[in-house]
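The following exercises concern the structure shown below. Each task is followed by a solution that proceeds step by step.

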Amino acid sequence: MAGPNHGALGSTFKLVRILQALSLLGIIGMAANFISQIIQHNNAPSEVLVGTLSVTCVAVLYCAITYILYIDDILPFLINIGMDGMLLIALVVVAVVVGKPLSYLDCQVIGSSSVSESTYQLGLELKKSFSKEGAKVQYGNWIGASKVTCYEMKAIWGLSIALW
């Protein structure tokens, strides 16, 4: 499974694709966890989280396909450059939309609490904010619900920026 011999650039391509896939899988895990918590409270997740999850799922699929095509030595490099550019634009949009309210938020002042307390606080925030079933979770209000939520969203934001 060594793939074609393109020297240092080929090795760099393989390494970067693996690191991209790992970062994207981290984003998918955290975003899916948030969406799961929101749905457990019978609310609709925000468009920001759904969009982040959608873009990163497509990006992971793209990384896997291009890696396989590279290993089989049938990857068209010019088309790959164009597709990488389009993926870059999508990830920039994700980073900007996710980061706009996060850039002003200081996670340390939210409060010092344990993970179980933070989950409890998130549940209280969701119950308090949404009295009727099926209500939409507002991203700007939700990210400040707990310290852990804030840090996890900042991790998603940071990984999105790192993928540039």
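Helices here are DSSP runs of at least four residues, numbered from the N terminus. With that convention, aspartate 73 comes just after α2 and takes a positive phi of about 60°. The model is predicted.

**Exercise 1. State how many helices and strands the protein has, and give the order of its elements.**

Step 1. The protein has six helices and zero strands.

Step 2. Read from the N terminus on, the order of the elements is α-α-α-α-α-α.

Step 3. As for contacts between residues at least 6 apart in sequence, 80% join residues at least 24 apart.

Step 4. Of the 164 residues of the protein, 37% count as buried.

**Exercise 2. Compare the expected span of helix α2 with the distance between its end C-alpha atoms. Then do the same for α3.**

Step 1. The expected span of a helix is 1.5 Å times one less than its number of residues.

Step 2. Helix α2 (residues 47-71) has 25 residues, so it should span 36 Å. Its end C-alpha atoms are 36 Å apart, which agrees.

Step 3. Helix α3 has 26 residues and should therefore span 38 Å. Its end C-alpha atoms are 36 Å apart, and this agrees as well.

**Exercise 3. Locate aspartate 73 and explain what is notable about its phi.**

Step 1. Aspartate 73 is placed in the loop between α2 and α3.

Step 2. Most residues other than glycine have a negative phi.

Step 3. The phi of aspartate 73 is near 60°, a positive value in a residue other than glycine.

**Exercise 4. Identify the residues that form the salt bridge, and describe which parts of the chain they join.**

Step 1. Side chains of opposite charge can pair when their charged atoms come close.

Step 2. The structure holds one salt bridge. In this bridge the side chains of aspartate 84 and arginine 17 meet, at 2.9 Å from N to O.

Step 3. Aspartate 84 belongs to helix α3 (residues 77-102) and arginine 17 to helix α1 (residues 7-40), so the pair ties together parts that are 67 residues apart in sequence.

Step 4. Are the two partners buried or exposed, or in between? A residue counts as buried under 20% relative accessible area and as exposed over 50%. Arginine 17, with 5%, is buried, whereas aspartate 84, with 25%, is partly exposed.

**Exercise 5. Describe the largest nonpolar core and the helices that supply it.**

Step 1. In soluble globular proteins, nonpolar side chains tend to be buried together.

Step 2. The largest nonpolar core has 27 residues, and those with the most contacts inside it are Leu24, Leu49, Val98, Tyr139, Trp142, Met153 and Ile156.

Step 3. At least two residues of this core come from each of α1, α2, α3, α5 (139-142) and α6 (147-162). The largest share, eight residues, is supplied by α1.

Step 4. Tyrosine 139 serves as an example. Not counting residues up to four places away in sequence, tyrosine 139 touches Ser46, Val48, Val97, Val98, Pro101, Leu102 and Met153.

Step 5. Buried residues of α3 include Leu87, Leu91, Val94 and Val98. The buried residues of α3 pack against α1, α2, α5 and α6.

**Exercise 6. Determine how the rings of phenylalanine 13 and tyrosine 70 are arranged.**

Step 1. The count of aromatic pairs comes to one.

Step 2. The ring centres of phenylalanine 13 and tyrosine 70 are 4.9 Å apart and the planes stand at 45°, so the pair is tilted.

Step 3. Phenylalanine 13 lies in helix α1 and tyrosine 70 in helix α2, so this pair ties together parts that are 57 residues apart in sequence.

Step 4. Both residues are buried: phenylalanine 13 has a relative accessible area of 16%, and tyrosine 70 has 2%.

**Exercise 7. Find what glutamate 152 contacts beyond its sequence neighbours.**

Step 1. Glutamate 152 is placed in helix α6 and is partly exposed, at 22% relative accessible area.

Step 2. Leaving aside neighbours within four places in sequence, glutamate 152 is in contact with Met30, Asn33 and Phe34.

Step 3. Glutamate 152 and methionine 30 are 122 residues apart in sequence, yet 7.0 Å apart in space, C-alpha to C-alpha.

Notes. Residues are numbered from 1 along each chain as its sequence is written. This is a predicted model: local features need pLDDT of at least 70, side-chain atom pairs count only at pLDDT 80 or more; totals for chains, interfaces and linings use all residues. Side-chain values use heavy atoms; hydrogens and water are left out. A salt bridge is a side-chain nitrogen of Lys or Arg within 4 Å of a carboxyl oxygen of Asp or Glu. Buried means under 20% relative accessible area, exposed over 50%, partly exposed in between (1.4 Å probe, protein chains only). Contact means heavy atoms within 4.5 Å. A nonpolar core is a set of buried Ala, Val, Leu, Ile, Met, Phe, Trp, Tyr and Cys residues joined through side-chain atoms within 4.5 Å. Rings of Phe, Tyr and Trp (its six-membered ring) pair if their centres lie within 6.5 Å; planes under 30 degrees apart count as stacked, over 60 as edge-to-face and the rest as tilted.
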